[in-house]
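Me: I would like to learn how to read a few features of this model. Please give the general idea each time, then the case at hand.

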Amino acid sequence: MRAIRQRWAIPWPCVYEFFSVVTNPRIGKTTARAPDQAWRQIDAWTGSPAVSLLGKTEDFLAILERFARRPRLRGPIMHDARIAAIRVAHGVVELLTADRD
């Protein structure tokens, strides 16, 4: 019997943010990874035949504007809005996150 592979995706900004966070010793003083180790994880994710890497689309800016004009969107929350806009632009209906905000 053939295994069914669930398609999944990673927005490009999340790849950059992962690398930035896991290699930063100020964030994880005892758990910070070496750049090579972090890149091996990215290679493992992107090497999956079921993964897609999501970037900006032609309508990305219009979608992002809908998020950016919300009254409570300020400062670093714009990064989250960018990820949300990429997700919406690609029709992604489910987002898995460990982000606390």
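Me: Which element supplies the largest share of the lining of the largest pocket?

Reply: First, the basis: this is a predicted model, in which local features need pLDDT of at least 70 and side-chain atom pairs count only at pLDDT 80 or more, while totals for chains, interfaces and linings use all residues. Residues are numbered from 1 along each chain as its sequence is written, and side-chain values use heavy atoms, with hydrogens and water left out. A pocket is sought on a 1 Å grid over the protein atoms alone, as an open set of points where a 1.4 Å probe fits, with protein on both sides within 12 Å along at least five of seven lines; lining residues have an atom within 4 Å of a point. Here helix α4 gives the largest share of that lining, seven residues.

Me: Which elements each supply at least two residues of that lining?

Reply: Helices (H or I, at least four residues) and strands (E, at least two) are DSSP runs, numbered from the N terminus. The elements in question are β1 (8-11), α1, β2 (51-54) and α4 (77-89).

Me: What volume does the largest pocket have, and which residues are closest to its centre?

Reply: A volume is the space filled by probe spheres set on the points, with grid points joined across faces, edges and corners. For the largest pocket this is about 1300 Å³. Of its 36 lining residues, Cys-14, Ile-83, Leu-95, Leu-96 and Thr-97 are the closest to the centre.

Me: How does the lining divide by class?

Reply: Ala, Val, Leu, Ile, Met, Phe, Trp, Tyr, Cys and Pro count as nonpolar, Asp, Glu, Lys and Arg as charged, and the others, Gly among them, as polar. The lining has 22 nonpolar, five polar and nine charged residues.

Me: In what order do the elements run from the N terminus on?

Reply: The order is β-α-α-β-α-α, with four helices and two strands in the protein.

Me: At what angle do the axes of α1 and α2 cross?

Reply: Axes are lines fitted to C-alpha atoms, for helices over the stretch in contact, and angles run from 0 to 180 degrees between N-to-C directions. Helix α1 (residues 12-22) and helix α2 (residues 35-46) have axes that come within 9 Å and cross at roughly 150 degrees. Therefore α1 is roughly antiparallel (over 145 degrees) to α2. Contact means heavy atoms within 4.5 Å; Val-15, Phe-18, Phe-19 and Val-22 of α1 are in contact with α2 residues including Trp-39 and Trp-45. By class, this contact has nine nonpolar, one polar and no charged residues.

Me: Which residues of α1 meet α4?

Reply: Pro-13, Cys-14 and Glu-17 in α1 meet His-79, Arg-82, Ile-83 and Ile-86 in α4. The residues of this contact are four nonpolar, one polar and two charged. The two axes come within 9 Å and cross at roughly 140 degrees.

Methods:
Angles under 35 degrees count as roughly parallel, over 145 as roughly antiparallel, 65 to 115 as roughly perpendicular and the rest as oblique.
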